[in-house]
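I opened my notebook for a slow look through this one. Here is what I looked up, entry by entry.

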Amino acid sequence: VDSGPPSTPYRVIHGALAYLRTPGREINLIDVTGTPDAPVVRFHVERALVPEELAERSLEPLPDRIDGVARKIVVGRYRLQRFGPPRSANQRRVDPLVGGVSISRSNQVSAGTLGGLVHDSASGDPLLLSNFHVLVARWGVRPGTQQIVQPGRLDGGGLGDAVGSYLRHGMDDHLDAAIASVDGSRRLVAQQYGIGAYRGRTEPFLGQHVVKQGRSTQRTQGVVTGINGQAVFNYGSVRWRIREIVSIDPVPGSPIVSGPGDSGSFWLDAQTHTAVALHFAGSDQPERALAIDLGPVCEALAVDVPA
Amino acid sequence: MSRPNQPPPDRVERAAATARQLLGDDPSVVLIDVGLDQSSPAEAASPAVRVHIRSREDLDRLRHENRLPAVIEGISVIAVVADYRLDKPSGRGSVPDEGELG
C-alpha cells in the first residue's frame, strides 16, 4: 500500500540522521521546529565547531538546507535527570576557575577535584594541577590528546565545558600527579573554593593542621600524622609505588576527612593557607586521607605554586 | 619537628628505609611512613616508623613470623591496621550509580 510521501518532520529527521551518526560532529539532538509551512531542522550540538576544527576532522560544514528544509544550529547539552541529591556549588560550572571544584577528563564519566592553579617553572604559563588518576588515568596517553572538563562529566560537564588538555604527569617519579594546559576559555585564579586565596608552598610536618576543599566532602580539616610515606596502588592493571605520602587524620570531633571524588584537592596549612600536599587516596577505617607532598610534585612536574 | 632529646630526622628516615627493605615486599604492608609515637604523652611524643598493615590477621602473621621489629636504629616501630585505596568509588562512602569518582 502506498501511504504517500512521509510527513516533512519525518523526512527531515530521516535525512539528518546521517549527520547525527558522523563521528566528530558532537551532535546531541536533532529535532524540527518552525511551522508546518516553514519547518526548520535544528542540530543541538555540544559546541559550534569553527572551520579549522571541521578541517582537522575532515568534515564539511552542515548544509544550509536538509532535504529542502532550512537548518539551524543551537548549543544544547542534555543528560538523564536522575533522582539524586542536589549538587553542591563546587560540583557545578565555575568561572573563574578555582581549586576545589569538580573536574574530569572528557572521555570518561568521572569526577575528581581540581587542585588549583600552578605555573610552569620555565615559561610561567598557567597550568591546572590534579592527580594522574583524575586527569589521565590510562597509561600511554599522549599530551594534548585528552581534554579536561569542568565540571567533571559525572557532574554534567561535557565537551562544551573543556578548560584545557592533559600535558604531563609525575608517575615516572612515583607521584600521582598531572598537569593540564589551559585553553583560555575561563579565567584561572589562585584560590580555593570556600577557603580563599592560597600562596606559596610549605613542607608538611607532623602535627600540622591542614584544610582542603574537595569535590565530594567539601571543606574538611585534618592533622598531619605521617610523612615520608611510600605505598603501592593499582593503576589499571599496574601496581605502582607512590612516594612522599602524607597521612592526614580528621581533627578531633570531625567524623570525616575525605572521600571518593576528592582526589586532586590541595591540602593547605590551616593557618597560613600555603599549599602543603595533593590529596589522592584514603581509608574509611580508620578515617584517614593520604596526600602527596607538593614539593616533590612541583619539582617533578617543573611547576611552581603562585607565591 | 625535631626537638631536644629527639632523634635527628635523618636517623628516622634511615629507620624508615630499613623498614621498607624488611617489609616493603609483603603485600599486606600497604604503607610505611614516619609518624609520632602516640603511646606516650603528646608533649613527649617522638618520631616513629609506622607500618600500616592491611588487616589484624596479617599483623598477627607478621608478628608470629617475627618480622616486625619493635625498634630500628633506636626508633620505635608502630604497627597500624589500615587499608587504603585511591579516592575512587571502590567501597568508600556513597557512590553514584554510574561513573567513577577520582
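**A sheet in chain A**

I began with a single pair: I30(A) has F43(A) of β2(A) as its bridge partner. Please keep in mind that this is a predicted model.

Next I checked the strands around that pair. β1(A) runs antiparallel to β2(A), residues 39-45, and 7 bridges join them. Both belong to an open sheet of 4 strands in chain A, ordered β1-β2-β4-β3, with mixed pairing. I noted that β1 (27-34) and β3 (65-66) of chain A are at the edges with a single partner strand each, so each has one side without a neighbour in the sheet.

**Where the chains meet**

I then turned to the contact between the chains. Chain A brings 44 residues to it and chain B brings 33. About 2800 Å² is buried between them, with 52% of that on carbon and sulfur atoms. I looked for salt bridges across this interface and found 0, while residue pairs in polar contact, both at pLDDT 80 or more, number 12.

On the chain B side, elements supplying at least two residues each include α1 (9-23), β2 (47-53) and β4 (75-81). β1(B) gives the most, with 7 residues. By type, I have 14 nonpolar, 7 polar and 12 charged residues on that side.

I also saw strands pairing between the chains: β19 of chain A (residues 275-283) is antiparallel to β5(B) over 2 bridges. There, L86(B) of β5(B) has A281(A) opposite.

**One arginine in chain B**

Last, I looked up R63(B), which sits in helix α2 (residues 56-64) of chain B. R63(B) is partly exposed, at 49% relative accessibility. Beyond neighbours within four places in sequence, R63(B) contacts R56(B), L68(B) and A79(B).

Terms used:
Residues are numbered from 1 along each chain as its sequence is written. Chains are lettered from A and ligands numbered from 1 in the order in which they are written. This is a predicted model: local features need pLDDT of at least 70, side-chain atom pairs count only at pLDDT 80 or more; totals for chains, interfaces and linings use all residues. Side-chain values use heavy atoms; hydrogens and water are left out. Two strands pair if DSSP finds at least two bridges between them. Buried means under 20% relative accessible area, exposed over 50%, partly exposed in between (1.4 Å probe, protein chains only). Contact means heavy atoms within 4.5 Å. Buried area is the accessible area (1.4 Å probe) that two parts lose on being put together, summed over both. A salt bridge is a side-chain nitrogen of Lys or Arg within 4 Å of a carboxyl oxygen of Asp or Glu. A polar contact is a pair of N or O atoms within 3.5 Å; within protein, one must be able to donate a hydrogen and the other to accept it, and residues adjacent in sequence count only if both atoms are side-chain atoms. Ala, Val, Leu, Ile, Met, Phe, Trp, Tyr, Cys and Pro count as nonpolar, Asp, Glu, Lys and Arg as charged, and the others, Gly among them, as polar.
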